[in-house]
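This briefing takes up two topics in turn: the surroundings of one charged residue, and the arrangement of strands in one sheet.

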Amino acid sequence: MNSLEMYKYLLKNSWDDHPRIRAMNADRLIRCIVEELYVPPYLLKNSPFLTAAAQEQICAFDALFMVIGTEKRLQDSSFTTLENRNVIYLFRDMRMHSDGKYRSDTRRILRRIKLLLPKEPEESAKDESEPVSVSVYEKERLRHLAERSQNNQEISDAWHLQQRELVDTVNGLEPTVRAVTTALTDLRDRIQGYTDTRFIEILIRQYHQIADAWDYHFEKARNSDNEDYYNAVLNYSDFMYDIIDYLALFGVEEIRSEPGTPFDGSIHTVRGTKEFSPRETVVRRSLRSGFRRGDTVLEKERILTEVTRYENRN
């Protein structure tokens, strides 16, 4: 199984894997890529995965993660991804806002990987003390090469001239083009913003559904004699952490207050207490996380409070 086949298999079968297993599979794939690279003639195209990554046929996040791991493995054979928290996003074929940057970084690292590969024996330095004779064939080849280079330069110059003429033409239409471009950009942003908002709402709704199940089952499971039941309920917290991590990809922050934090009505909603003085109230316990995106509070944190009275020391 080559590296690309292994990746497609993991993409199909690793959706529900535990992060540690996901990291172990990532290490296996990185080792496979390195083994392919160390086969003469030591080229990037030896690895089907790297070839597909260079052609942008791999999920942008997966491509960047694996080429970073490959570069580090080439530099240090003991490198592993087991401590990398980002493995939770691997093999999920996810699209992210930073896909363009990921692609650019991937191309840059692929160029660095190329420099780390061994050179072919015939590419090693030759004894400069020996005179080098140039055959008739070589002279002819060099002449054709010079002609070809000159021809390509003329073609390139003609292309740049056409581009300048095109730019001059477009500049005459600049006001109209600018207005249309602005309208299209605004439309794109509105569509993207709507899509992001809907996905965020779905994730938060799923978070609350899982949290409701946790609230209902946790005490029952902890007080029961059924260890399988208890372990199953503990998995709910992992699911909630996963959702919090996914929300972070869209700029959503978790609101979770430590005990003793002063009450703030803009981010806190109190459970079990109807009347209290906000100035004398602090968080006793966080019941459920809230969420905000920039300055916008999407969900307030649910808390229990306690009253603390401060002495006047003036």
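In this predicted model, Arg92 touches Leu11, Trp15, Arg22, Asp62 and Tyr246, when residues up to four places away in sequence are not counted. The points below first describe the setting of Arg92 and then turn to a sheet of three strands.

**Arg92 and its surroundings**

- Arg92 lies in the loop that runs between α4 (60-75) and α5 (99-116).
- Although Arg92 is buried, it has no salt bridge, and the nearest side chain of opposite charge, that of Asp242, is 5.1 Å away.
- The side chain of Arg92 does make a polar contact of 3.2 Å with the side chain of Tyr246, a residue that is also listed among those Arg92 touches.

**The sheet of β1, β4 and β5**

- The sheet is open, with its three strands in the order β1-β4-β5 and with antiparallel pairing.
- The strands at the edges are β1 (252-255) and β5, each of which pairs on one side only.
- Averaged over the sheet, and with direction ignored, neighbouring strands are turned by 35° against each other.

**The hairpin of β4 and β5**

- Strand β4 (residues 290-293) pairs with strand β5 (residues 296-299) in the antiparallel sense, over three bridges.
- Among the bridge partners, Arg292 is matched with Val297 in β5, while Arg293 is matched with Thr296 in β5.
- Two residues stand between the strands of this hairpin, in which Gly294 takes a positive phi near 65°.

Terms used. Residues numbered from 1 in each chain as written. Predicted model: local features only at pLDDT ≥ 70, side-chain atom pairs only at ≥ 80, totals over all residues. Heavy atoms only, no water. Helix = DSSP H or I, 4+ residues; strand = E, 2+ residues; numbered from the N terminus. Buried < 20%, exposed > 50% of the residue type's maximum accessible area, 1.4 Å probe, protein only. Lys, Arg positive; Asp, Glu negative; His and termini not counted. Salt bridge = Lys/Arg side-chain N within 4 Å of Asp/Glu carboxyl O. Polar contact = N/O pair within 3.5 Å; in protein donor to acceptor, adjacent residues only side chain to side chain. Contact = heavy atoms within 4.5 Å. Pairing = 2+ DSSP bridges. Axes fitted to C-alpha atoms, helices over the stretch in contact; angles between N-to-C directions.
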